[in-house]
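These are my comments on the model, set out as numbered points for you to read beside the coordinates. I begin with the pairing of strands and then turn to the core, the cysteines and a few local features.

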Amino acid sequence: LLIKVAEQSIKESENAKNPFASKNVSTVENVVFEFNFSGKENVIVHHKFQGNSVFPGAGYIAMAIQAGKQALGIEVFPMVKNVKLLRSLTLVGSPFCLRVFIKELDGIVSFSISDSLDEKIVYCKGKLLKSNVTKTQISKNEVSFDLSLNSKEVYQSFFDNGMQYGSSFQLIEQLSGTKLE
């Protein structure tokens, strides 16, 4: 699966305030990164399912990557694997906090994302691996695909399935893949 994103949109988002800024709130027992949101960020307001604002799955992955880079002490993007979105987080526009818990067991680094200090409710979990891959290397990979959708087709398909993406989310120019993906 290859997603081509509009270059202008990338530049605009890089210049915008990062909604995924974190604070290291680790203790002796836990490695934890806290992400505070006002509830009014475009990335949240423009992501709707059946009319309700829902925290985006890509947001969980962005948080895991940022926390992973800090926890693993690396500059390159960690690989995110075995991601499980366990429950949705419906939002009402008020401030909220999510925490990324990083744990290492037998050489495997895992993450979980919760809104509580005790991880009673987990929204997303997965694994992190150190990687030597950079943004440039990812964009230079050339692959052949037998299926391709333009931007209008992608977002119409999402809309037809109850997902409403506002302008700040409509970054996909082209979505390509094989018939099996």
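1. Two strands are taken as paired if DSSP finds at least two bridges between them. By that criterion E5 and E7, which run antiparallel, are joined by two bridges, and within this pairing valine 54 has threonine 90 of E7 as its bridge partner. Please keep in mind throughout that the model is predicted.

2. As to overall content, the chain holds five helices and 13 strands, and 31% of its 181 residues count as buried. Among contacts in the chain with a separation of 6 or more, 65% are between residues 24 or more positions apart.

3. The pairing of E5 with E7 belongs to an open sheet of four strands, whose order is E7-E5-E4-E12 and whose pairing is antiparallel. Strand E7 (90–91) and strand E12 (163–165) are the edge strands here, each of them pairing on one side only.

4. Another open sheet is formed by six strands in the order E2-E3-E8-E9-E10-E6, again with antiparallel pairing. Its edges are strand E2 (22–24) and strand E6 (79–85), each of which has a single partner strand, so one side of each is left without a neighbour in the sheet. From one strand to the next the twist averages 25°. At the E2 edge, three bridges join E2 to E3 in an antiparallel arrangement, and in one of the pairings between them lysine 23 has glutamate 34 of E3 as its bridge partner.

5. Which residues have the most contacts inside the largest nonpolar core? They are Phe37, Phe55, Met63 and Leu98, in a core of 25 residues. At least two residues of this core are supplied by each of strand E3 (31–37), helix H2 (42–45), helix H3 (57–72), strand E8 (96–105), strand E9 (108–114) and strand E10 (122–129). The largest share, five residues, comes from H3. As general background, nonpolar side chains in soluble globular proteins tend to be buried together.

6. Methionine 63 deserves a separate look when this core is inspected. When residues up to four places away in sequence are not counted, methionine 63 touches Phe20, Phe35, Phe37, Phe55, Leu98, Val100 and Ile113. Of these partners, Phe37, Phe55 and Leu98 also appear, with Met63, among the residues that have the most contacts inside the core.

7. On the cysteines, a search of the whole structure finds zero disulfides. Cysteine 97 counts as buried because its relative accessibility is 16%, and the limit for that class is under 20%. Cysteine 124 is likewise buried, with a relative accessible area of 0%.

8. Serine 114, which is found in strand E9, is worth examining as a buried polar residue: its relative accessible area is 0%. The side chain of serine 114 is joined to that of serine 116 by a polar contact of 3.0 Å, and a polar atom of the serine 114 side chain lies 2.6 Å from the backbone oxygen of isoleucine 121. With neighbours within four places in sequence left aside, serine 114 is in contact with Cys97, Leu98, Arg99, Phe101, Glu119, Lys120, Ile121 and Tyr123.

9. Where are the residues other than glycine that have positive phi, and are they buried or exposed? One of them is glutamine 50, with a phi of about 50°; glutamine 50 is found in the loop between strand E4 (47–49) and strand E5 (52–54), and with a relative accessible area of 61% it is exposed. Another is glutamate 119, whose phi is near 60°; glutamate 119 lies in the loop between E9 and E10 and, at 22% relative accessibility, counts as partly exposed. Glutamate 119 is also one of the residues in contact with serine 114.

10. Finally, both ends of helix H5 (residues 151–160) merit a check. Asparagine 150 caps the N-terminal end of H5, with a side-chain oxygen 3.1 Å from the backbone nitrogen of lysine 152. Just after H5, glycine 162 takes a positive phi of about 90°.

Methods:
Residues numbered from 1 in each chain as written. Predicted model: local features only at pLDDT ≥ 70, side-chain atom pairs only at ≥ 80, totals over all residues. Heavy atoms only, no water. Core = buried A, V, L, I, M, F, W, Y, C linked by side-chain atoms within 4.5 Å. Buried < 20%, exposed > 50% of the residue type's maximum accessible area, 1.4 Å probe, protein only. Contact = heavy atoms within 4.5 Å. Disulfide = S-S within 2.5 Å. Polar contact = N/O pair within 3.5 Å; in protein donor to acceptor, adjacent residues only side chain to side chain. Axes fitted to C-alpha atoms, helices over the stretch in contact; angles between N-to-C directions.
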